[in-house]
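Work through the following exercises with the sequence and the model open side by side. Each task is followed by a solution that proceeds step by step.

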Amino acid sequence: MKNAVIGNNKQKANLIVLGAVPRLLYLLQQESSSTELRTECAVVLGSLAMGTENNVKSLLDCHIIPALLQGLLSPDLKFIEACLRCLRTIFISPVTPEDLLYTDATVISHLMALLSRSRYTQEYICQIFSHCCKGPDHQTILFNHGAVQNIAHLLVSTSYKVRMQALKCFSVLAFENPQVSMTLVNVSVDGELLPQIFVKMLQRDKPIEMQLTSAKCLTSMCRAGAIRTDDSCIVLKTLPCLVRMCSKERLLEERVEGAETLAYLIETDVELQRIASITDHLIVMLADYFKYPSSVSAITDIKRLDHDLKHAHELRQAAFKLYASLGANDEDIRKKIIETENMMDRIVNGLSESSIKVRLAAVRCLHSLSRSVQQLRTSFQDHAVWKPLMKVLQNAPNEILIVASSTLCNLLLEFSPSKEPILESGAIELLCSLTQSENLALRVNGIWALMNMAFQAEQKIKSDILRGLSTEQLFQLLSDSDVNVLMKTLGLLRNLLSTRPHIDHIMSTHGKQIMQAVTLILEGEHNIEVKEQTLCILANIADGTTAKELIMTNDDILQKIKYYMVWGNFSSMFYFDLLPELKVTL
């Protein structure tokens, strides 16, 4: 059976259909079976698992994992290694749920204990851990079972495969995990701290796979605050290594991984963004990411064409991500990015890609560039970016909606030429619907965009916003548990209640509701900034010709104003200047 199925997916499928798996599992679990027979069963099952995803599903349906885990209790090392090899093959398959490893709390402890048995147990167990560590819950379980201490010494193993799998383990354990990252910084192996070992693995004479994975470890530790962003191991070692990975000489997979890791490393640090932007002509180098696949007619090698097509989406996604990080803060860098050949066309095309990941990355890139006043007035207008952006907002997953609506907030700023056509395309209705979302980020962005839209707007637009929101929704937003939603809603009210004729008109139609909202905030348990914003709204109302009567005839509001004027945290003179009509009354 073993010789028949090696490298032959058709034979593997035939054996599974003929019912070989239950029989093999039966023999594997029988204590009366010889160790040699049980080992051969594990080897054949492992070979079947190396076939198609359907093969793996069939094995899982037969409850192969509990049987193999039971086999790890055997005293025979060869049998244990065969079971681990099969488990490794099953767990690295995308159809296997990672949580199957964590259903029994004793499994992780036993795997940790088996790490010392042989270089094969070390390699397979580390590979299982790195593939089954998805998210903070898994990281915590492995960390609490001593993963860092048990795996650290494997980084100096004589086996390259063991070193690599240990390194991959640390790259997933440390990702977005301050606890693990802080621990890694202080762990030493043979007198060397782990960051020093990682830096050695970054050297150019090391295999590319090792360089990339070491860079990922150091990147995660840096982002988690365990290593300073100005540390030489980041500025002089990790960042240049990742830029090297973006060059044409590297394989497509390496270029994708290098760009995405670099984007993550520099995402929040201005100085790293500036250093990266001038390293090895990175901005121009990334433009090449959009040239895959090459012309189909020019490619006669089918394998190369398949390879290029497979990675084309990943390359564009990685390039957009890195451009977004590079242009997050610096105006000069944004200018260089936009001046790169056909950049705006590429972003616009990216917004309508079939791949959700590419669309998301393109929107992120657009959001980053939209922070530039100059580009909003030039490139964004020349390419009518608002059109594909509005199309994206009509029907997209929340993760794309969040970034797209953030970008829309920038396009609706008063100096943006896109503001008027966006308004004409029905943006008010769309944004009002976002304020009703259960997703906090979408509520914030919806109300934020409306606030920007209302700034120095015409009276009709302001009335449309109030009509679209409805009084009920306005009160809902003012009662929101998130302070950002509350502050942006107050900012919207403040922008609506500007310009004397507008103030009087809005207060004549919505005065009662707005005064109720103001009272609600002033009576609530809110911080100083919220109260101050609310008092500024009252100051705007007092500037109206007829609207001020709603304050003058409201004793409750007058007493509240008086209270805040004498309260130490506010300047009474500031409010006396804003409310000259109220001096005598107060």
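**Exercise 1: the largest pocket**

In this predicted model, the lining of the largest pocket receives at least two residues from each of helix 9 (119-132), helix 10 (136-144), helix 12 (160-173), helix 15 (208-223), helix 17 (252-266), helix 20 (302-326), helix 23 (356-369) and helix 27 (398-411).

Task: establish which helix supplies the largest share of this lining, and how the lining residues divide into nonpolar, polar and charged.

Solution. Begin with the extent of the pocket, whose volume is about 2000 Å³ and whose lining comprises 45 residues. Next, locate the centre, to which Phe-175, Lys-216, Glu-260, Thr-261 and Lys-321 lie nearest among the lining residues. Then turn to the helices: the largest share of the lining comes from helix 17, which contributes eight residues. Finally, sort the lining by residue class, which gives 15 nonpolar, 15 polar and 15 charged residues.

**Exercise 2: the second largest pocket**

Task: for the second largest pocket, with a volume of about 360 Å³, determine which residues are closest to its centre and which helix gives the most to its lining.

Solution. The lining consists of 15 residues, and those closest to the centre are Lys-419, Glu-420, Leu-423, Glu-458 and Ile-461. Two helices, helix 28 (419-424) and helix 31 (459-478), each supply at least two residues of this lining, and helix 28 gives the most, with four residues. By class, the lining divides into six nonpolar, two polar and seven charged residues.

**Exercise 3: a glutamine in helix 31**

Task: decide whether Gln-473, which is found in helix 31, counts as buried or exposed.

Solution. The cut-off for a buried residue is under 20% relative accessible area. Gln-473 has a relative accessibility of 11%, and therefore counts as buried. As for its surroundings, once neighbours within four places in sequence are left aside, Gln-473 is in contact with Thr-435 and Gln-436.

**Exercise 4: helix 3 and an annotated repeat**

Task: identify the buried residues of helix 3 (residues 20-29), and explain why they lie on the same side of the helix.

Solution. The buried residues are Ala-20, Val-21, Leu-24, Leu-25 and Leu-28. Because they cover an arc of only 125° around the axis, they are placed on the same side of helix 3. Their cover includes helix 2 (9-17), helix 4 (35-49), helix 5 (53-61), helix 6 (64-71) and helix 7 (77-91). For context, an unreviewed UniProt entry lists residues 19-55 as "repeat: ARM"; this span is 76% helix and 0% strand, with its end C-alpha atoms 12 Å apart.

Terms used
Residues are numbered from 1 along each chain as its sequence is written. This is a predicted model: local features need pLDDT of at least 70, side-chain atom pairs count only at pLDDT 80 or more; totals for chains, interfaces and linings use all residues. Side-chain values use heavy atoms; hydrogens and water are left out. UniProt positions are given in the numbering used here, feature names are shortened, and annotations may be inferred rather than shown by experiment. Buried means under 20% relative accessible area, exposed over 50%, partly exposed in between (1.4 Å probe, protein chains only). The arc is that of the directions from the helix axis to the C-beta atoms. Contact means heavy atoms within 4.5 Å. On a 1 Å grid over the protein atoms alone, a cavity is a set of points where a 1.4 Å probe fits but cannot get out, and a pocket is an open set with protein on both sides within 12 Å along at least five of seven lines; lining residues have an atom within 4 Å of a point. Grid points are joined across faces, edges and corners, and a volume is the space filled by probe spheres set on the points. Ala, Val, Leu, Ile, Met, Phe, Trp, Tyr, Cys and Pro count as nonpolar, Asp, Glu, Lys and Arg as charged, and the others, Gly among them, as polar.
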